[in-house]
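Here is a friendly walk through a few parts of this protein. Take a look at the sequence and the structure before reading on.

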Amino acid sequence: MGHGEKVHNVDAPAMEKIRESGRFARTIAMAAVLFLLNGVIWPSWAVALEVERQKDIAEQARWEAKNQHLDQVLKHVRDRVRDRKAVIDQRLAKEGGMLDNMLSAIGLSQLTLEGVDDLSWLSGRAEHLHQQALKEFDTTAKRLREKQLPEKIQQRHAEARQQYRERYQTMQVRMAAMLEAESLQEQQDAAASLKEWMDSFTLEKPRDPFDPNNLPWGTPDPSLTPEPAFTARELSARNALPLFERGVQLASNVITPDMLGQPGGPTEEDLAATLDAQLTDAIRAKAEALDHDPVKIYQWVRNNIEFIPSHGSIQGADYTLQHGKGNAYDTASLLVALLRAANIPARYTFGTVQMPADQVMNWVGNVNTPQAASDLLGQGGIPNVGMVSGGEITHINLEHVWVEAWIDYHPSRGAKHSVGDSWVPMDASFKQYEYTEGLAVEEQVPFDAQGLAQTIEQESTINEEEGWVQGVPQQAMEDAFSDYRTQLEAFLENQAPDATVGEVLGTQNIKTVIHQQLAAGLPYQLLTRKLVASELSDSLRWKFRYQLYTNQFGRQGSELISIQQPTVALAGRKLALSFKPATPEDEETLASYLPEPDENGEVDPNDIPDTLPGYLIDLTGEFTIGNEVVATATSNTTMGSELQSEMGYWQPNQGWRTSQNEAVAGEYRALALNLQGISQSQAQDLQTDLESTRQKLEAEDFAGLTKQQVVGDLLYSTILSYFALNDMQDKISEKQAHSVGYRAPSYGLFKTSLSPVYFYGIPRNVKATGLTMDVDRFAGTRVDKDGNVERRLAFNRARGARLSAMEHLVPEQMYSTDDAPAHGISAVKAIQLAAAEGQKIWTITQGNLDQALASIELSDEVETDIRNSVYAGKEVTAHERPVNFFGSQSSGYIVLDPYSGAGAYLIEGGENGGYLKQAGGGGVIAAAITALVFNGLPAAAAAAVTASLALLMVGAMLLLTAYVKLQQGEVIAAEILCNTGVVFLTAALTFLPGVTSKLVQLFISLFGGAAAYKGCSLS
């Protein structure tokens, strides 16, 4: 074979096939590898990365959604800077040192900078929204010119725009310093500067502060009440009473000249009207109806006025006459006033007395143990102590007040009164009662609370160790309640179709005493020398105080309004804080935002704006008692400005207890005092006022009407109905729960709710968003008849849930119309909605606080309240995340004292109450606008904004009518069957023997009564 000769390989085709098959195999192998990578290896990192990427995208979308408006961006700048500064401070304290400080001085710090990408994004977002804000300012300026509003208002607008621009530029400069910092120390300095500057402005609607050691709902602590005075000198010093009788200054119109030499006779003051013993038309009429006869007057008061175990002058003579109830001081004031109206000298007498324990037990409500009676007296502030003999309390010593009247005692012992000759003691408050048992419906128609508890346990997911429950079958609860009401209805129809509520539940009636003559002494033993006075000292009077301040960096600034009066002067009176335009220019500006009448001279209510430019309008605050303005703010405030208020009671021997609220200038706040219950007369008078106003509104007769009559009475009737209906429900439920209780001085408000949008503290826009109830003090004295502490606590829990539910139920029923239903939310309802969504409902204590906070996603403010409450030894019930409440996020949480049953039932804004929204705005917007500018409205606009209010007044009158009928005993049980059924259910659910799960027991006590109200009409 020659060199270079081409040689043909006869095996080439075979080899080629082999090579081709190898390539194919490698392709298959590669495909298999790729498949393996995709099916096995990718999920361990690529899929995970993709999931994280999608999470980041979703989180970014949520972040952007939270920064659609400039006010949102400003709040997030502040919050992020606060957080970043805290981290930097911590790092420098831990990682920094002298060496790093020296290196920082020459730009060689080894500490890495904190990330500021989020702040950089916020800076860019703010710039975009800033341009929009400037355009909106310019649009407003154009409108002001077109409306030819006063130069003063246009100048105010120009100043606000310039102020906004300067503050925005300052923020960006300080933010740039932080973004461009080259060392961690520079970042810290820039963050501190920016934080301090942002913190100087209000950027969001203020939130009410919450103190877990001052819970708004509860029972007074009897240990705070001192023991009774043991000497006249001690009694005098404690109550600022004269230790000895003053010199003789005889009342010349009663005492004849031949009697002037008698020491110790009456003085002119013993016939005078006083703050507590008012000589009103009603008092004079009652004295005349009793023939000005001292025996008839004494016996009428003694036989008709029910005793309330509380201490100090609370409501006075006139309201005690209206209410038919009162403590020893109020009853004494009524007796003194009636005697003086009959021209009979009378005075107060004080001393420490000893009463048999069994009589005290009957007197305070038919309790079964002397200790329960003593506790009830102590809760009411009455100094008392049990006296033990033979190992048992046989007598109770207590401070007491009664009356002495200058009576023609000899020889008829007052039967024929002509000219007085002796001071005769009269105690109209101490008495005994006859008690009758009811129909024992709970025994005749028992509710299977144990069975319901077992159903809940079986169908729910319960984690006792972590402290949460999930998937509670609320429908099963509602079905059980509905079935029970059907059984109850059948029982009453068959057994007692015409029975009154009293006949069903049992009655309490005063054992009447009718004598022709007066007794010479008291029905108990006097332990100290008596003290006497023609008038109660100020130390014995309860007082109420309301103060309004400007806001200065989150604290009380300058005082704007201060009201302090004895509660006697406020009993049954309507209180309110409201605002009016400060000047005619402000009123003109407000009115310019109302729509113009059409060709028929009418205004469409739907055209009424729900948002106003707060910064353009100055307001003046006013505090009213009744329809009278009793205090005007010392300076004007811009609409939407943050204000601070403080209110509360002063109690004899115990001092002040107050609550603080954040107010917004422009809100109308109707305030109700519930001293010792709501009288029928007060409810009827309010009904009359509402009806009169409604008729005028429907007739478009606005002459003489004020915002207090048009808006104030409607708002006031809401909070008053809340108190009145709950008082009635308390009385009914206490009978079923084997307890005795009385209303202690309480207060609450119902207000128009304004939500300002702030640009660096400037209230750019103020929107009417709804109505809010806030009950800052709902107190009551209460004991279990047998002194069973656990049963009393369980009852307080169930009662608290009902009180919370009524905070949305009462406004819903009052403000709903066929065209615009109202939707309310309370703490209990928010938690119910969360449970229906499948959220976990947490019971948070110190044992699971960290785990619970790691799981829930509520606002920082709510979580702070939860943390502080648990640290204070309280127990908190909360859901996982906000619920959607008609387009807005809301949450509710409950703080309870596990030892006393006291609690707070809070909603997102920090109020201990409820919030109401109305479809289409309706009466909500009308109330807010009318409260601001009613007196300056043109006739067409007034007709438009008040049309819906007139309709709402009908609902208010229905609730008040229901209360009056219940008070008068005219309602048969069947007419309030639904509510009566709820009472029985609440009582049954309060006591669940054998329930193994504490969480289920808690859930039932919280939601059982509230759920049972579903379908009930409060009127």
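What follows covers a sheet, the nonpolar cores and one buried acidic residue.

Please keep in mind that this is a predicted model. Let's start with the sheet: it is open and built from four strands in the order β15-β14-β21-β22, with antiparallel pairing. Strands β15 and β22 are the edge strands, each having a single partner, so one side of each has no neighbour in the sheet. On average, neighbouring strands here are turned by 20° against each other, direction ignored. Strand β21 runs antiparallel to β22, and 10 bridges join the two. In this pairing, Glu642 sits opposite Val664 of β22.

| Strand | Residues |
|---|---|
| β15 | 555–566 |
| β21 | 642–651 |
| β22 | 655–664 |

Now to the nonpolar cores. The largest one has 145 residues, and Tyr164, Met171, Phe544 and Tyr722 have the most contacts inside it. Helix α21 (residues 707–736) gives the largest share of this core, 13 residues. Leaving out residues up to four places away in sequence, Tyr722 touches several residues, including Trp217, Met773, Phe778 and Leu803. Apart from this core lies another, of 70 residues, among them Ala317, Ala328, Val403 and Leu540.

Helix α21 also holds Asp730. Is Asp730 buried or exposed? Asp730 has a relative accessible area of 2%, and buried means under 20%, so this residue is buried. Which residues is Asp730 in contact with, leaving aside its neighbours within four places in sequence? They are Arg743, Arg782, Arg799 and Arg802. With Arg799, the side chain of Asp730 makes a side-chain to side-chain polar contact at 3.2 Å.

Conventions: Residues are numbered from 1 along each chain as its sequence is written. This is a predicted model: local features need pLDDT of at least 70, side-chain atom pairs count only at pLDDT 80 or more; totals for chains, interfaces and linings use all residues. Side-chain values use heavy atoms; hydrogens and water are left out. Two strands pair if DSSP finds at least two bridges between them. Axes are lines fitted to C-alpha atoms, for helices over the stretch in contact, and angles run from 0 to 180 degrees between N-to-C directions. A nonpolar core is a set of buried Ala, Val, Leu, Ile, Met, Phe, Trp, Tyr and Cys residues joined through side-chain atoms within 4.5 Å. Buried means under 20% relative accessible area, exposed over 50%, partly exposed in between (1.4 Å probe, protein chains only). Contact means heavy atoms within 4.5 Å. A polar contact is a pair of N or O atoms within 3.5 Å; within protein, one must be able to donate a hydrogen and the other to accept it, and residues adjacent in sequence count only if both atoms are side-chain atoms.
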